[in-house]
Every structure is written in C-alpha cells, then in structure tokens.
There are 2 protein chains.
Amino acid sequence: MIKSVEKAFRVLEGLSRADGPMRLSDIARANGITRSNAFHLLQTLQELDYVRQAEDSTLYEATFRSFEIGAKLLSRNTLVAVAHPFLLRLSEQVPENVMLNVRDGLWNVVADRIESRSVVRTLAYLGARAPLQSVSSGKVLLAHAPASVIDEVARSLVAYTARSITDPDALREQLARIREQGYAVAIGEVNEDAKGVASPVRDRHGDVVAALSIAGPMNRLGEDTIAHYVALQHDTIRRIEAAWANGWRGDAAPPQFPGQASVARPSSA
Amino acid sequence: MIKSVEKAFRVLEGLSRADGPMRLSDIARANGITRSNAFHLLQTLQELDYVRQAEDSTLYEATFRSFEIGAKLLSRNTLVAVAHPFLLRLSEQVPENVMLNVRDGLWNVVADRIESRSVVRTLAYLGARAPLQSVSSGKVLLAHAPASVIDEVARSLVAYTARSITDPDALREQLARIREQGYAVAIGEVNEDAKGVASPVRDRHGDVVAALSIAGPMNRLGEDTIAHYVALQHDTIRRIEAAWANGWRGDAAPPQFPGQASVARPSSA
DNA sequence: GGTAGTGTTCCAATATTCAGAACGCACTCC
DNA sequence: GGAGTGCGTTCTGAATATTGGAACACTACC
C-alpha cells in the first residue's frame, strides 16, 4: 500500500463529499495529516487537474475530472447506451425512479437512472452504491453472481435497518426464490420508507449483466402495483435484450483532446 | 508533484480508457514504469477499491468507484437534479441529444444528457470533456466566464478541425455576439459532421452556471430548425430557472455505508 | 524440454517524501 | 493600533517510504 497514493485518494474523496470548497487546514485535519503534507498532495492533484483552487481564493475543490474516469467506464458499457431510450419509455409509464444497475464487486451501482416526476421520491443519484443484499437490484445481481461472490456476501451480513437480512441461510433461500420467480423485491432494507422491484437483464449468452429496477416510497408500491411493474420490466427488458443482441456495437471512440488524460509513452522503448 | 500519486492516477486513467482488463506488463509498459512498480501501484489501487482483478484471472480492470467520486460531485449540483425532468420534456420535442453542460476550468463538461432516439446521432457521453471554444455550450459558458478565463483560452487556441477558431480577436467578437443574442452555435468544430446550439442557464443572481445544448448531425440542423430549437431552449430554461429559484434545495444526503469512502479521523485531536 | 514471457516476492539503496520550523499576511480583539 | 491567532506557503534536513533489479515459480509456445 503506497501511502501517498492512499492519502491522495482520501483527500480527493473528501473534497468530492464536501459541500463546498475546503480550506487547506481543514483538509489536513480531516485526513489526519500535516498542513505541509496536505499542501503537497493538493498541489499534485491540482497539477493532475483533479483539484482546483476556487477562483481568486485559496480554497480547494474537486474538479469534474474524476467524473471523466468513471464516465468513460460507463460509456464503454454499450448496454447502458442501448438501454437508455427504453428506460425513458418505461419511466413514462411509471411514477417512480427507474434505474439500471450493475454489480461492481460486492456493490450495487446505479449505472443509469431516470428520475421520477413525482415530488416525493427516493434518493437515487447516478453512481450511488449500496450493498448487494440490501436493494432489489442488488439482490437480482447477487442471485446470478458467481458462488464466490455469494459466499463472501453471506459471510459478512450486517443489518442496516431492522428489515435487513442477517442470516446466511435465509439469504440463500431468498436468492433461490429470486432466480426462480425472475425478480426481486426489497422493502426498507436501506432506507426505511423505500421499496423497490428489480428484474435481471441478460446478454446474448444468457448471463445476467444488469438489473432493471423501479423504486419509490413504500406506500405507493402495493402488491398489485409490484406485479404490474414486474410485467412492465420484463417487457422492457425483452426489448433491451433484443436491441442489444442486434449487434448494436456502441458508438465509435469519442474525440480526444490534447491534455486530456494522455498516456505517458515509455521513454525507452 | 508527488510522483507515486501521479503514476497512480495515470495507471487508473489508462485502465478506464482501455477496452478491457489489462495485463500487468502492458500497464507497466504503457506508463513507462517497471513491472514491480506497477504491481505496487495496482495493489494499492486495489486495496482502495479503484481497481480489481478480473475474476479468477490475473488481469486488472478499473472498478466503478472512480465513478462515485464524480457522481457525488454532480449530485451536489442541485441544478442538475432540478433540470433533469425538464431536459426529458425538451428531449421529447427534439430528435437530437439534449445536454446540460457546466464549465470545469477551461473545459466544457457534459453534466447531464438525454440521448436522442434517432439512430444517427452524435457522441455525447456523460462526463465528456471538450475545449470551451469548440462546442456550442462551451462558447456560451465561455462568453459569460470571468475575463481571466477568456484570456487564457484566447492565448491558447488550437485548431481541431478546419472550422476551429484560431484568431483571438475573432473569438472575442463571437463571444460578444453570443452574449448579445443569447445563444451560441458550433458547426463541426470538434466533429466534422456535428452541429450544436446552446443557451445559458442562470442562477437567481443572474450568473450563468450552465448551458443547455442540443446537438446532432449537420444535415438535420438547418437555420430554421436552429431558430426553433433556440426558442424551445429558452422556454425550457425559463422553467428550469423558475423551478430552481423556487427554493428547491436538492435531496437530503444519500445513505452512507461502511467501507464506502470513509473519512480518516485525525488521530490526535 | 528449452526458451521467453508472465505475475509476484524480496531486498537493499537511495531518491522521495514529509514533519517541523519559519515567514508574511490577514484577522480579530483588546 | 498593536498584540495575538491562525492562515497558506516555502524551505530544509532527516528518514522513511518507494523503487528498480534480481530471483522465483508458472505458463505457453515452439
């Protein structure tokens, strides 16, 4: 573990989480490092363009460059591009957030999302992470994940709310049921008032690569509604899979500009 | 400039740009470092959860964690959240990509985007960066940026295509016109076949904080169409500004999970 | 079964990084 | 107005963290 690298990322993460530009001293304090150390780290991050000093001020803030790394990752994911219009269509038929989720290690990540037009809605920011076992889409992804992943999750179950699953066997049973019925439901396992339904999206080999989910406040998602949403999801997924299988290969590489994350050339060879 | 930090970011950027998992040796070569050095860097990034070894393989790939940093940045931007539904509405009236852009230093960044349903469309992945002077939204943002920013851009004009602006005075003139007429057009200045229109979005103080843009293939965007789109944009922007000014304060903080980018506590105080 | 390449481990040497002190500056509070 | 506090930044020397190279076990390919 290279220490300075760890510190740099911690500092950057801290800045991205802050709700405004931060002072050097506070950054140093928050990360338990000296001011001069923080200064060096920030200067480096600044040269790399991940951090900027707010205009004519000495405060530091994160730039959107870090967004670029992750976004590039997503744009490579042709599924997200293919699915987007279908999500839109689905979103028009449903007064809740519609999301496309992928598994990232032991996490559920929101890869795309259409916000509901309702005023009351659940939180679902793009890129949001949640433990696999605690959200509906995560359960779907987990149910179809390699055994090693399931084992690891089962080994480390923690309760986030009263409804969280904590018994490994109960989890495995639930996953089996999800595989059988083709969808998963999560009720207030992360957020007390939230409820969600999710169904698996498969690639042409039949492997589950994503989960389409609909989530909203508990009281709007009764049993009948859920059943209706599952039907809508399966219908949408059928279309997505067809469009994807139809050889849609994604856009060509986006244009590159100088200074934009260029690869260092090997100096010798 | 802390070298190990720089290398770490270069490696991560490289991985995010690659179109699949990479081998250690190739990573080392691509960054001009030794294998053992690359190994240490990757191991660190792995512990920090920015990099993962593809299942039962020795290949390395970037995780979506980097996406999280950037996404958090965006989610903090309440404008993006407020504007999203309005972008959707606009997108229904227009067969092109609809984008919300913000300025990040000297770059135009796509902060939100609704993809067009048309088959032929321009590239617009979320988080994409382009030089300010070369895209329509960037021109709008530049036109309303502090003088220091304009100066810096004017000082370093480079031609990306034949149509790129290279004369500083011409640029300033164009910016003045943009401020006057309330919108900007860019024609094939980045991508030969692409054309875009953009208009400024202001906060309650009247400062320009974003640009709403519509972009598509050249042949679909004639003069009349442009005029029509500008009208639609201004209409949409009026609604966005109203909704935003109406004290919409964004969602509460999203739930946090352990292990998720936790802040190191100061050890002493 | 040799050769070439790999990912990984180990070690020692030194270049790199860091803590601390020092400085000028902007504030605040008497 | 002047002492005092806390700031961002610079500098320096000490030492530690980082790095390159050699070595290893493995695999893949002739």
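In β8(A), which residue is the bridge partner of Ala194(A)? Select Ala194(A) and then Pro217(A), since Pro217(A) is that partner.

This is a predicted model, in which local features need pLDDT of at least 70 and side-chain atom pairs count only at pLDDT 80 or more, while totals for chains, interfaces and linings use all residues. Residues are numbered from 1 along each chain as its sequence is written, chains are lettered from A and ligands numbered from 1 in the order in which they are written, and side-chain values use heavy atoms, with hydrogens and water left out.

**First stop: the sheet of chain A**

Select β7 (residues 194-202) and β8 (residues 208-217) of chain A, which run antiparallel and are joined by nine bridges; strands (E, at least two residues) and helices (H or I, at least four) are DSSP runs numbered from the N terminus, and two strands pair if DSSP finds at least two bridges between them. Widen the selection to the open sheet of six strands in chain A, whose order is β5-β4-β3-β8-β7-β6 with antiparallel pairing. Because β5 (129-131) and β6 (184-187) of chain A stand at the edges with a single partner strand each, one side of each is left without a neighbour in the sheet. From one strand to the next the twist averages 30°. Now add helix α5 (residues 78-92) of chain A, which packs on the sheet and touches β3 (97-104), β4 (107-114), β7 and β8 of chain A, where contact means heavy atoms within 4.5 Å.

**Second stop: the sheet of chain B**

In chain B, select the open sheet of six strands with the order β5-β4-β3-β8-β7-β6 and antiparallel pairing. Its edge strands are β5 (129-131) and β6 (184-187) of chain B, each pairing on one side only. Inside this chain, β3(B) and β4 (residues 107-114) pair in the antiparallel sense over seven bridges, and Met99(B) stands opposite Arg113(B) in β4(B).

**Third stop: two helices of chain B**

Select α5(B) and α9 (residues 223-245) of chain B, whose axes come within 9 Å and cross at roughly 145°; axes are lines fitted to C-alpha atoms, for helices over the stretch in contact, and angles run from 0 to 180 degrees between N-to-C directions. Among the residues that meet here are Phe86(B) in α5(B) and Trp244(B) in α9(B).

**Last stop: a pocket**

Select Arg52(A), Glu55(A), Glu61(A), Arg103(B) and Val209(B), which, of the 38 residues lining the second largest pocket, lie nearest its centre. A pocket is, on a 1 Å grid over the protein atoms alone, an open set of points where a 1.4 Å probe fits, with protein on both sides within 12 Å along at least five of seven lines, and lining residues have an atom within 4 Å of a point.
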